[in-house]
Each structure stands twice: as C-alpha cells, then as structure tokens.
There are 2 protein chains.
Amino acid sequence: MATPGSDGIQAVDRAFDIVESLNDLDGAGVSELADHVDLPKSTVHNHLKTLERAEYVVRDGDEYRTSLKFLQLSETARTQQELYRVARSEVDQLAEKTGEISALMTEEHGRGVFLYRSRGSEAARIDTCVGDRVPIHCTALGKAILAFLPEGRRTEIIDRHGLSAVSPNTITDREVLAEELESVREERIAYDDEERLNGLRSVAAPILDGSGSVIGSISVAGPTHRMRGDRFETAVPETVLGIANVIELNLEHS
Amino acid sequence: MATPGSDGIQAVDRAFDIVESLNDLDGAGVSELADHVDLPKSTVHNHLKTLERAEYVVRDGDEYRTSLKFLQLSETARTQQELYRVARSEVDQLAEKTGEISALMTEEHGRGVFLYRSRGSEAARIDTCVGDRVPIHCTALGKAILAFLPEGRRTEIIDRHGLSAVSPNTITDREVLAEELESVREERIAYDDEERLNGLRSVAAPILDGSGSVIGSISVAGPTHRMRGDRFETAVPETVLGIANVIELNLEHS
DNA sequence: TGTATTGTTCCGCGATGATGAACGCTTATG
DNA sequence: CATAAGCGTTCATCATCGCGGAACAATACA
C-alpha cells in the first residue's frame, strides 16, 4: 500500500494467509474464514476452490481443512536436509542414553526450527512440536547456533527479531547475550536455565559442517529438579558433545 | 487456456508449481526453475521473492529451497486428524507385536495417504514414506477404505483415477475389484498379495467412526516369504482386527 | 580480457483477480 | 408453519496487478 508494487504477489500472499488461518482455526467455513482474513467471501471462495483443485485443501463435510499434501511437501523438504538424515538416529540415542527429551534444531529466517525430537524413558511431557519455530535467543539450541554464526549474520538476526522476554529468565540484554555466546564458543556447549520455559533446563551443542559453518544443534532437555549439579554441568554436556562429534564425523563421510 | 476463466487463480497455481518443482529438484536456481516450469525468469523470480518473504522458501547460498514452514503446517494438519492422535500409539504396538511394518492410511482426493508408519524389529527396509500418496485400489490399506465408502463415492473415485496396473498382480478389472471389496466388507479385512510391490504382502483393516463411516485403515506389511500360510491368513489378520477395534473404541471416548 | 551464464530490475500492456450483489439452500426462530 | 438468518455459491463489472520481454548487473569460466 505505502510502498506500491514492492510487496509480493497479493494472490499468493492471500492464499497462504488462508491456508494458515485454516490451520489455526482447525478447519473452517467460507464465512468464518472470510471474517478471519478480512476479505470478501467471494474472494476467499475463489481461493479455496483453487487450493482444493490443487489438492492443498480438502472439503470435510461442511468445512474446509488443509490437506495432507503439505505432509508430503514437508517430508521431502526435511529429508533433503542432510543434517536430518544423519542426525536423526543419533538424537534417538541421545534420548535413550539420558532418558530425557532430545531435539534437533536448525535455523531459518532468523528463527529456530525443531527438525526432530525424541523422547527418552523419563522424558517430561511434550511442550514443543516438530516444526515449531521459536525465538533463537531463548533456547540452548538457538544459542548454540547463534554463537557460531558469522558476526554479520548474528547481528542481523538480533536486529530483526530483537530479544523479547518469553520467560522471566530470558536474556534480553545484548551485552549479556554477547558474553554468554563467547563462552558458548569456548566450551562448545550452550545452556538454557529456564529461559524459555519455567522449570525446564537444557544443554545443547552446535553441529558444524566440514567448512566450519553451523548447520544446526542438538540438545537434551529436562525438568530443573533432575537437571542440576554435576549432571547438568558435566555429565549431560559431555554426552551431548560426544554425540555432536559423531554427527559431525558422519556428515563428513556422506 | 481452452476453458477461459474456469480454472483457479493462476498466480496461486504457479506458486505451488514452483514449490513442488523446488522440492523435486532438491533446490534450484532461478534459471533452472524457470526452465522446469516453463515460465520466464522474471515471473519465477517474482514468485520466489514473494515466497521467500512469506518464509515458505529459503535462499541457501546460490539456490532456493522450500522451507521448513511446511513442516509446521503439516504437523498441525496431521495432529488435527483425530485418527492420527488416537491411532498412532496403537500402530506402534502393532509393529512391535508383529515385528513387521505397520502403517496408518487415510483417503484424500481419491488417493491413499500414509499418515504414519512404524517399524517392528524384523521390518523390511522402507519402501514408502509418510505423506506419500498412492492409488487406492492397489493396497490393502486402500481397499479396506474403499470397501466401506458409500457406493457413490467409490465409483466416483474409480471413475476419476481408473485402475492402473502398478505391479503384475494389481487388480485392474472393476468386476474383480467389486467382488473382492464385497468379501472385505464381510471379513473386515483386506489383503494385498504383491499388488503394489513385488514380494510384499499386507493385511489391513478399516477404521470406522461412531456413525459407521470409514475414516482410515491400518495394516501390517512384510515380505511374502514371511507372510504366508496360517500367519498371513489367520494370525496377522486377527491381530490387526484386534488393534482396529481398540482404535475404534478409543475414538468413541474422546 | 572477453564471453557466457547467472540473478535481478524495469515498465507497459492486457489478462485476470478482486468485489459486492444476487441466488439457492439449509438451519434457527418466532 | 412461516419467516428470517445464515451458509456456500455464482455472476458480471472494473480496475488492478501479475505477466513477460528486454535491459541490466554480477558472477564464473576460458
């Protein structure tokens, strides 16, 4: 509007708006959707018809749903990531060894994305799902990545997304974060002390490729009462580092 | 083209064409993509810019990739399916009990979609992935669904997709299929005797909801040399039926 | 250094997507 | 039972907006 033709193709933007709304609403009718995206019913209807013909949307009785074609898309998108193919089974092992939740993260558009997650026998109940996107500064996984990104990229990301507080312990000061990232670079280990979620602590290590660029990170997360003392400070970090090294080795030979 | 305004919104169709091509090509540059979808570079570029801004596409060095935002979409789409939430752990059990591959399927747009899959200890190596879409007439899972769909829907699907042969054993005759579906309705069990893949046999049962409509099916699949005789004809079918009943029960109370 | 690709920008034209009104239809409501 | 309110759908008009060719820039290659 303000900048005339500088934004993307409206029809496409709207189509994805509709798809996302459809997801948020757990399926919806034309009118409900039209109201939600603030567009005339006819426009929404036209989009739905198009999306249905392309099989990205499904009519389920009296409402529309997003189809499982997205499952197909995402599954190949994920499998294309070498990191996922290589790290997946190692993350399973990490969960099994520690009994806690283990996760695999990568970065996209300045946010952290959970690529995979595995639950050990003692694992806390689920709080995040595969595919979830979280602010990168408030998780051990994110900080492990952030620390090893090139300086330019790092400030670009922080400038764009800021350091919003998502829990009382979240680091919101650039100075403090910079210092912590410095120590992450030294130890190759990042910690999260209830910075995203009260009662949850985690330990993460970055995964670097052959050229030394970060391509993701792995972690172990558990309730604070189990993640403390020597276990939190030494045992778990060592295990995580060990698995990280195995993954990096496997990445080289493939 | 031939029918002027009767097809959907072109911009949206093209956007999805591009996304799919991007997936097929494992990431690509503008020119390569433009060539693949047979459109001018500038048009493709415009779409990519739009998709990137919406975070559905990512620039990875010198080429574009589909982003993991699709993972987020598909994960919520899948979790919205009550069938998935309820049946998932039962499918795990089915795999564990039999040692083979167990799968969960549902129907969309007349095709079978794998919603979930679990591997037992003896499981054959993977041949299909979650999200894959297969012709519905050539799998036990598909036939279990097809048999319990309303007459109208069934013929509509067969009319639309035909009965193409995907293996030497595939049923391609409507009469033959109709007879087999009749027996599926009686037994509540469908078989696949190498009809989709040479050397692979499977046994499936439909899942009906409270009102008696099919909402999916579950199966056990294994190599022909293990799936035969009494095991193929009695033992496995009984196990599958048992789990199917459990799932149906759980569906009622939720 | 020249050449052949690549990704990107620009702009005018004309197709085409957006729109509101109108149509059946089913479901609340008096 | 009649009326009204809501739904999804269709239609035709108009201005917009996406399209595409050509020009440009930035690289890789010989």
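1. Let's start with A:I158, which counts as buried because its relative accessibility is 11%, below the 20% limit for that class. A:I158 sits in helix α7 of chain A, a run covering residues 151–161. One pairing to look at in your viewer is with A:G110: the two residues are 48 apart along the chain, yet their C-alpha atoms are separated by 8.1 Å. Please keep in mind throughout that this is a predicted model.

2. Some context on chain A as a whole. Chain A has nine helices and eight strands, and its C-alpha atoms fill a box of roughly 60 × 40 × 40 Å along the principal axes. Of its 254 residues, 54% are buried.

3. Two backbone angles in chain A deserve a look. A:R188, in the loop between α8 (174–187) and β6 (190–193), has a positive phi near 65 degrees, and this residue is not a glycine. A:E194 belongs to the loop between β6 and β7 (200–208) and also has a positive phi, of about 60 degrees, again without being a glycine. For background, most residues other than glycine have a negative phi. Are these two residues buried or exposed, or something in between? A:R188 is partly exposed, because its relative accessible area is 29%, whereas A:E194 is buried, with 18%.

4. Now to DNA strand C. The protein places 19 residues around DNA strand C, and those that come nearest are B:Q10, B:V30, B:S31, B:R59 and B:Y64. Sugar or phosphate supplies 75% of the strand C atoms within 4 Å of the protein, and bases supply the rest. By class, this surface has seven nonpolar, nine polar and three charged residues.

5. Three individual contacts to strand C are worth checking by eye. The side chain of B:Q10 has an N or O atom 2.3 Å from a phosphate oxygen of DNA strand C. B:H45 places a polar side-chain atom 3.1 Å from a phosphate oxygen of the strand. With A:S42 the partner is a base oxygen of DNA strand C, 2.9 Å from a polar side-chain atom. The elements giving two or more residues to this surface are α1 (10–24) and α3 (41–53) of chain A, together with α1 (10–24), α2 (30–37) and α3 (41–53) of chain B.

6. DNA strand D is surrounded by 18 residues, of which A:Q10, A:V30, A:S31, A:R59 and A:Y64 are the closest. Of the strand D atoms that come within 4 Å of the protein, 76% are sugar and phosphate. The residues of this surface divide into seven nonpolar, eight polar and three charged.

7. Phosphate oxygens of strand D have partners in both chains. A:Y64 brings a polar side-chain atom to 2.7 Å from one, B:T43 has a side-chain N or O atom at 3.1 Å, and a polar side-chain atom of B:H47 lies at 3.2 Å. Here α1, α2 (30–37) and α3 of chain A, along with α1 and α3 of chain B, each give two or more residues to the surface.

8. Helix α1(B) passes a simple geometry check. Its 15 residues should span 21 Å at 1.5 Å a residue, and the C-alpha atoms at its ends are 21 Å apart, so expectation and model agree. The buried residues of α1(B) are B:A11, B:V12, B:A15, B:F16, B:I18, B:V19, B:S21, B:L22 and B:N23. When reading that list, remember that an α-helix has 3.6 residues a turn, so residues three or four places apart point the same way. Just after the helix, B:D26 takes a positive phi of about 60 degrees.

9. The largest pocket holds about 1400 Å³ of space. It is lined by 33 residues, with A:R78, A:R88, A:Y116, B:R88 and B:Y116 closest to its centre. Both chains take part: α4 (69–80), α5 (82–98) and β4 (111–119) of chain A and the α4 (69–80), α5 (82–98) and β4 (111–119) of chain B each supply at least two lining residues. Which element gives the most to the lining? That is α5(A), with six residues. By class, the lining has 11 nonpolar, six polar and 16 charged residues.

10. A last detail concerns B:S118, in strand β4 of chain B. B:S118 counts as buried because its relative accessibility is 10%. Its side chain makes a polar contact of 2.8 Å with the side chain of B:D92.

Methods:
Residues are numbered from 1 along each chain as its sequence is written. Chains are lettered from A and ligands numbered from 1 in the order in which they are written. This is a predicted model: local features need pLDDT of at least 70, side-chain atom pairs count only at pLDDT 80 or more; totals for chains, interfaces and linings use all residues. Side-chain values use heavy atoms; hydrogens and water are left out. A residue is near a molecule or strand if one of its heavy atoms lies within 4 Å of it. A polar contact is a pair of N or O atoms within 3.5 Å; within protein, one must be able to donate a hydrogen and the other to accept it, and residues adjacent in sequence count only if both atoms are side-chain atoms. Helices (H or I, at least four residues) and strands (E, at least two) are DSSP runs, numbered from the N terminus. Ala, Val, Leu, Ile, Met, Phe, Trp, Tyr, Cys and Pro count as nonpolar, Asp, Glu, Lys and Arg as charged, and the others, Gly among them, as polar. The expected span of a helix is 1.5 Å times one less than its number of residues. Buried means under 20% relative accessible area, exposed over 50%, partly exposed in between (1.4 Å probe, protein chains only). On a 1 Å grid over the protein atoms alone, a cavity is a set of points where a 1.4 Å probe fits but cannot get out, and a pocket is an open set with protein on both sides within 12 Å along at least five of seven lines; lining residues have an atom within 4 Å of a point. Grid points are joined across faces, edges and corners, and a volume is the space filled by probe spheres set on the points.
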